[in-house]
Amino acid sequence: MIKKKLLTSAAAVTLCALISAQANGNTTKVTEPSFNPVTYTEIANDAKSTNDVLTYGMGQQGQRFSTLEQINKKTIKDLVPVWNFSFGGEKQRGQESQPIVKDGVMYVTASYSRVFAIDIITGEEIWQYDAKLPDAILPCCDVINRGVAIYDNLVIFGTLDAKLVALDRKTGNVVWKKKVEEYKDGYSITAAPLIVKDMIITGVSGGEFGIVGKIEARDPKTGEVIWSRPMVEGHMGYLNGKENGISGTLNATWEGDMWKNGGAAPWNGVTYDPDTNLIFVPTGNPAPWNSHLRKGDNLYSASRVAVNPDTGKIVWHFQTTPHDGWDYDGMAEFIPFDYKDKDGKKVQAGATADKNGFFYVLDRTNGKYIRSLPFADKITWAKEIDKNGRPVVNEENRPGIANEDGSKGTSAFAVPSFLGAKNWMPMAYSQNTGMFYVPTNEWGMDIWNQPVSYKKGAAYLGAGFTIKPIYEDHIGALKAVDPVSGKIKWIYKNKSPLWGGVLTTAGGLVFTGTPEGKFLAFDDQTGEILYSFNAGSGIVGSPITWEQNGEQYVAIVSGWGGAVPLWGGEVAKQVKDINQGGTVHVFKLHKSK
């Protein structure tokens with residue numbers, strides 16, 4: 001369904017503000033949006049270009065670093081709102097989107113599989129697309145969407161009923177629509193797609209329903225599948241409609257038939273490294289959660305999997321939580337970066353901050369373990385990470401076997417909770433400081449196992465849980481992590497969980513938001529708060545920045561929701577009074593006369 005508006009009330013207010021600003025001696029160049037075809041060369045250069053944001057992650061590697069420095073430690077005090085745009089309606093809930101910006105137009109998704117095109121200068125809505133969702137959708141963790149991909153004259157995104165939709169950039173009309181999987185079986189799509197070598201790469205959600213996770217490459221102009229690679233060992237991959245080898249080796253790490261509904265959904269999207277020509281796929285939990293029902297390491301769940309985009313075959317993998325019994329998905333993004341070793345030699349590395357509480361640095365060319373550090377506090381499930389990168393598990397901290405009479409097994413108190421030391425929310429890497437800025441949560445859980453059997457379209461957990469804070473004064477903690485020294489340089493503590501993404505810039509700033517509705521900018525070296533803006537609702541989106549008409553802009557989507565209020569146990573009670581919302585906020589520096 002397409003909705004078009006000539007002028008929203010919010011945009012009218014913005015235009016009045018522009019007229020007033022011009023009357024006071026300030027000039028704002030108002031230009032008509034354009035819709036030039038987006039080339040792959042532009043997409044591949046996204047991390048270096050400053051006048052647009054063409055990819056989720058502000059570059060295919062997902063570093064979320066901008067070279068812009070007009071907004072910096074000295075000028076940040078002059079940052080002011082330019083306009084805001086409401087998604088409107090009753091469809092609020094969680095807003096986890098990262099906007100895309102091209103040629104004066106912002107493309108942003110909202111809850112319930114909606115897409116908006118907005119004029120950057122005026123804040124005026126150009127078009128709106130609402131997916132017609134069935135009543136029986138089965139999203140795990142709220143009705144969220146994290147963003148679109150842009151290519152040629154298309155805006156492409158996934159829906160909660162497991163479809164991939166391509167819209168005309170200018171009109172919002174549907175160009176093509178493809179069913180990826182059957183939503184009634186538990187499949188959905190929440191991640192933003194990524195364009196890689198003129199292909200659109202997408203994953204699926206649904207690990208809690210015993211689906212089979214997979215990553216696919218499609219022709220972005222037609223939606224036709226080029227290759228498909230399952231993320232559960234034993235399933236067949238396909239290339240150009242022909243069999244392309246199974247993933248791994250049948251029954252090597254799964255017992256019996258448990259691999260047939262193994263989960264491992266790559267539900268949080270991918271990154272791509274042109275230096276190694278590898279797509280890095282983070283994979284979710286094995287199904288069911290009850291680990292006593294599926295002996296073995298259960299590949300390729302809870303892993304980072306490197307896939308060759310030309311062949312759709314797995315090149316290497318690194319599993320962060322073998323035989324996961326705590327829902328410690330490996331779904332955190334894997335971000336390529338380079339550093340110099342002690343001999344001055346460049347290391348092609350990558351880093352990930354896992355749900356399980358450990359921060360890992362790997363050789364991104366082959367997946368070999370380099371180092372790790374616990375970035376979360378009071379970890380109980382593992383004693384340490386050994387020299388090969390494998391956890392030394394506290395087996396007494398694994399929830400016990402479910403009782404034969406159907407009652408729950410022995411409960412364990414595990415840290416971190418199943419919502420993770422870090423969940424989906426992307427961290428950022430600064431090319432200036434060499435540090436990662438990691439949104440972290442300090443919490444634990446009582447977790448126990450119970451009997452379960454697979455039924456198509458039904459929850460496939462076999463576990464129960466209650467989340468609890470481990471500190472009285474805070475849950476959220478933004479941490480500056482040095483991936484080379486393995487040290488945490490500074491920590492900002494937040495009372496509520498942090499559930500939004502992070503952005504860092506050459507201006508020495510780190511941006512993120514909080515559930516309390518604060519949009520914050522930190523000094524990247526010290527962690528000092530240099531700016532705070534009340535967005536009116538909790539922030540669980542990811543900030544971006546770009547340059548237009550010689551001015552640097554910053555944007556963030558606000559709207560409280562996501563997994564915390566749905567699954568958070570005692571923590572959910574603490575945040576129950578936070579208002580929902582759905583608003584894009586855009587900022588730039590105030591110019592005096």
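These are my notebook entries on the overall build, the nonpolar cores and the cavities of this structure.

**Entry 1: overall build**

I noted at the start that this is a predicted model. I then looked up the secondary structure. The protein has 41 strands and four helices.

Next I checked the dimensions. The C-alpha trace spans about 75 × 50 × 50 Å along its principal axes. For the radius of gyration I found 23 Å. A compact globule of 593 residues would have a value near 25 Å, so the protein agrees with that expectation.

I looked up burial as well. Of the 593 residues, 62% are buried. I also looked at how far apart in sequence the contacts reach. Taking contacts with a separation of 6 or more, I found that 62% join residues 24 or more positions apart.

**Entry 2: nonpolar cores**

In soluble globular proteins, nonpolar side chains tend to be buried together. I went looking for such groups here.

The largest nonpolar core holds 114 residues. Which of them touch the most other members? I found Tyr107, Ile201, Phe359 and Phe436. I then asked which element gives this core its largest share. That is strand 24, residues 358–363, with five residues.

Apart from this core lies another, of 35 residues. Its members include Trp83, Ile118, Phe511 and Ala555.

I took Tyr107 for a closer look. I left aside its neighbours within four places in sequence. Tyr107 is then in contact with Phe35, Pro99, Ile100, Phe116, Ala117 and Trp127. Val148, Ile150, Val155 and Arg169 are also among its contacts.

**Entry 3: cavities**

I searched the whole structure for enclosed space. How many cavities of 30 Å³ or more are there? The search finds five.

I started with the largest cavity. It contains about 300 Å³ of space. I counted 26 residues in its lining. Cys140, Cys141, Arg146, Glu208 and Trp267 lie nearest the centre of this cavity. I sorted the lining by type: 12 residues are nonpolar, seven polar and seven charged.

The second largest cavity came next. Its volume is about 140 Å³. This cavity is lined by 14 residues. Which of them lie nearest its centre? I found Tyr56, Arg64, Val270, Thr271 and Glu333. The lining of this second cavity divides into seven nonpolar, five polar and two charged residues.

Definitions and conventions. Residues are numbered from 1 along each chain as its sequence is written. This is a predicted model: local features need pLDDT of at least 70, side-chain atom pairs count only at pLDDT 80 or more; totals for chains, interfaces and linings use all residues. Side-chain values use heavy atoms; hydrogens and water are left out. A nonpolar core is a set of buried Ala, Val, Leu, Ile, Met, Phe, Trp, Tyr and Cys residues joined through side-chain atoms within 4.5 Å. Buried means under 20% relative accessible area, exposed over 50%, partly exposed in between (1.4 Å probe, protein chains only). Helices (H or I, at least four residues) and strands (E, at least two) are DSSP runs, numbered from the N terminus. Contact means heavy atoms within 4.5 Å. On a 1 Å grid over the protein atoms alone, a cavity is a set of points where a 1.4 Å probe fits but cannot get out, and a pocket is an open set with protein on both sides within 12 Å along at least five of seven lines; lining residues have an atom within 4 Å of a point. Grid points are joined across faces, edges and corners, and a volume is the space filled by probe spheres set on the points. Ala, Val, Leu, Ile, Met, Phe, Trp, Tyr, Cys and Pro count as nonpolar, Asp, Glu, Lys and Arg as charged, and the others, Gly among them, as polar. The radius of gyration is taken over C-alpha atoms; the globule rule is 2.2 Å times the number of residues to the power 0.38.
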